[in-house]
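Thank you all for coming; I would like to take a few minutes to walk through one structure, going slowly so that everyone can follow along on the screen. Please have a look at it first, and then we will go through it together.

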Amino acid sequence: MSFTQKLNNYTKRKSFKYGVPFLIMIVGGSFGLQQFSNLRYQYAKMQPVTPEEMKKFGVTMKKRQEVTLESEYDKVKGIDIENWSNKRGPRPWEEEGLPTTSSSPTAKQ
């Protein structure tokens with residue numbers, strides 16, 4: 001038997017027809033996943049951005065001592081959370097400056 005006859009004989013079998021593409025997908029998928037996992041570890045090793053680098057891009061950062069959990073809690077503690085009203089934000093398809101009409105029952109009061 002020649003090589004082409006053997007190849008034609010193997011291609012007629014179900015194990016070759018479905019098994020070989022399956023094995024190729026398994027082996028190829030492992031190489032693909034390896035690339036994605038390398039990206040994960042590559043960016044995990046990056047250092048945080050320093051305030052000097054941020055000033056270069058025009059962003060001002062507060063010092064770490066200025067913003068603490070206690071100072072933010074004091075700001076939130078002074079807010080009146082019992083008396084508030086729900087305000088609807090503008091939609092992209094609405095024209096700016098025009099008053100919107102609302103059909104909600106709370107808007108009629």
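Which residues does UniProt give for the feature "transmembrane region"? The UniProt record, in an unreviewed entry, places that feature at residues 20-37, and I should say straight away that what you see is a predicted model. Over residues 20-37 this model is 100% helix and 0% strand, and the C-alpha atoms at the two ends of that stretch are 26 Å apart.

Let me step back to the whole chain, which has 4 helices and 0 strands, so that, read along the sequence, its pattern is α-α-α-α. Of its 109 residues, 1% count as buried, and the accessible surface comes to about 11500 Å², with 60% of that belonging to carbon and sulfur atoms.

Now to the surface itself, where Phe-3, Leu-7, Tyr-10, Phe-16, Val-20 and Ile-24 form a nonpolar patch that together has about 590 Å² of accessible area. The elements that each give two or more residues to this patch are α1, residues 3-11, and α2, residues 14-44. Take Ile-24 as an example: this residue lies in helix α2, and it counts as exposed because its relative accessibility is 57%, where the cut-off for exposed is over 50%.

The last topic is charge. Side chains of opposite charge can pair when their charged atoms come close. In this model the count comes to 3 salt bridges.

In one of them, the side chains of Lys-75 and Glu-72 meet at 3.3 Å, from N to O. Because these two residues are 3 apart in helix α4, residues 69-77, about one helical turn separates Lys-75 from Glu-72. Lys-75 is exposed at 51% relative accessibility, whereas Glu-72, at 30%, is partly exposed.

Another salt bridge joins Lys-77 and Asp-74, at 3.9 Å from N to O, and here too the residues are 3 apart in helix α4, which means about one helical turn between them. Lys-77 is exposed, with a relative accessible area of 53%, while Asp-74 is partly exposed, with 45%.

There is also a salt bridge between the side chains of Arg-88 and Glu-94, at 3.0 Å from N to O. Arg-88 counts as partly exposed at 47% relative accessibility, and Glu-94 counts as partly exposed at 23%.

Conventions. Residues are numbered from 1 along each chain as its sequence is written. This is a predicted model: local features need pLDDT of at least 70, side-chain atom pairs count only at pLDDT 80 or more; totals for chains, interfaces and linings use all residues. Side-chain values use heavy atoms; hydrogens and water are left out. Patches are made of residues with over 30% relative accessible area and no salt bridge: like charges are joined within 9 Å, nonpolar side chains (Val, Leu, Ile, Met, Phe, Trp, Tyr) within 5 Å. Accessible areas come from the Shrake-Rupley method with a 1.4 Å probe; for residues, only the protein chains shown count as cover. A salt bridge is a side-chain nitrogen of Lys or Arg within 4 Å of a carboxyl oxygen of Asp or Glu. Buried means under 20% relative accessible area, exposed over 50%, partly exposed in between (1.4 Å probe, protein chains only). UniProt positions are given in the numbering used here, feature names are shortened, and annotations may be inferred rather than shown by experiment.
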